[in-house]
Amino acid sequence: DCVDQKNFVPLYNPKLLLVGIFLVSFSLLSLIIYRFHTLEMEQERAKVYTTAVNYSYDIKFNLERALSSVHTLQALLSQNDNIAIRNFEEVVEDILPSYPGVIELAIAPDGVIAQVAPLRGNEKALGINLFELEAQKNEALIARESGKLILAGPLELVQGGIGLVGRLPIFDHEAHPKSFLGFVLAVIRISEIFDATKSAQLESAGLSYEVWRLHPDSKEKQMIVGSRNASLINPVVYTFDVPNNTWTISLAPTQGWGNPMVFL
């Protein structure tokens, strides 16, 4: 059969075919780039998450070491007939170097601070009723009712400054029912718990951080410590337990995600 060349219409348009191939290729390339970027981002966030977990271990170790001081006081009190230790300042002077970060130890019969050491600089703490002090009474009640060691703070100390307070309730277990005798307390300097060298390493690695908790009364975010840099961009978040509360580490690259970084 003869084909009329003038009336022949091709089954496809070469230009449309090229456009179609380009669009499909562009879509595939975009998908590959997106998947690669997503994988790279996931790997980066996983590294930062690991760094946050490791940092939390350091914090918990320092906290546990400092808080063990109240158990030492508890053991000393168990040797006495009342909730007091003779030559308290001399005793504390001997044991305090074993607990880095602890700047003060105290004993509070019935919740009223009666012994504190070192005494110099902490005189204002004597006579304070922890159940009446606005900033501390709720957590003092929680400690007494739970019968467990709790960590309060950060809070303003009556003797000045900001600190953390470990508070362990003491009971007479021979009484029926057991009776509350008072507290042993340790005041902890925050800067000692958050090792300055470790914090500097985080910042030199291009990471900004915050450590915070939800305040037990207001339920609002309360900053414990943080880097000096701007607010964190889409941070990795890791939460860990402390006595009677949880703390959270938020960690993110200072310059944002996707920038070259050095990880610890």
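Let me start with V225, which sits in strand β7, the stretch from residue 221 to residue 226, and please keep in mind throughout that what we are looking at is a predicted model. If we set aside the neighbours of V225 within four places in sequence, V225 is in contact with F194, Y209, E210 and V211. V225 and I249 are separated by 24 residues in sequence, and their C-alpha atoms are 9.7 Å apart in space.

From there I would like to move to S250, which belongs to strand β9, covering residues 245-253. Is S250 buried or exposed? Its relative accessibility is 5%, and because anything under 20% is called buried, S250 counts as buried. The side chain of S250 makes a polar contact, at 3.0 Å, with the side chain of W212. W212 also appears in the wider list of contacts of S250, which, leaving aside neighbours within four places in sequence, consists of S208, Y209, E210, W212, L232, P235, V236 and V237. You may recall that Y209 and E210 were named a moment ago among the contacts of V225, and here they are again among the contacts of S250.

Let me turn now to the aromatic rings. How many aromatic pairs are there? The count comes to eight aromatic pairs. One of them joins F171 and F180, with ring centres 5.8 Å apart and 65 degrees between the planes, an edge-to-face arrangement. F180 also pairs with F183, and since the planes of these two rings stand at 65 degrees, with 5.1 Å between the centres, this pair is edge-to-face too. As for accessibility, F171 has a relative value of 15% and counts as buried, F180 counts as buried at 19%, and F183 is buried with a relative accessible area of 0%. Taken together with F131, these three phenylalanines form a cluster linked by ring pairs, made up of F131, F171, F180 and F183.

F171 brings us to the open spaces in the model. The largest pocket has a volume of about 270 Å³, and 13 residues line that pocket, with L77, S78, I170, F171 and L181 closest to its centre. Which elements supply at least two residues each to this lining? They are α1, running from 14 to 77, and β4, running from 162 to 172, and it is β4 that gives the largest share, namely four residues. In terms of character, the lining of the largest pocket divides into six nonpolar, five polar and two charged residues.

Finally, let me come to the enclosed space. Rolling a probe the size of a water molecule over the atoms shows where empty space is left. Searching the whole structure turns up one cavity of 30 Å³ or more, and the largest cavity holds about 120 Å³ of space. Its lining consists of 14 residues, and those closest to the centre are E104, I113, Q136, Q159 and V187. Two or more lining residues come from each of β1, at 102-109, and β5, at 179-188. The lining of the largest cavity is made up of 11 nonpolar residues, two polar and one charged, whereas the lining of the largest pocket, as I said, has six nonpolar, five polar and two charged.

Technical notes:
Residues numbered from 1 in each chain as written. Predicted model: local features only at pLDDT ≥ 70, side-chain atom pairs only at ≥ 80, totals over all residues. Heavy atoms only, no water. 1 Å grid on protein atoms, 1.4 Å probe; cavity = no way out; pocket = protein on both sides within 12 Å on 5 of 7 lines; lining within 4 Å. Points joined across faces, edges and corners; volume = space filled by probe spheres on them. Nonpolar A, V, L, I, M, F, W, Y, C, P; charged D, E, K, R; others polar. Buried < 20%, exposed > 50% of the residue type's maximum accessible area, 1.4 Å probe, protein only. Polar contact = N/O pair within 3.5 Å; in protein donor to acceptor, adjacent residues only side chain to side chain. Contact = heavy atoms within 4.5 Å. Phe/Tyr/Trp six-rings, centres within 6.5 Å; stacked < 30°, edge-to-face > 60°.
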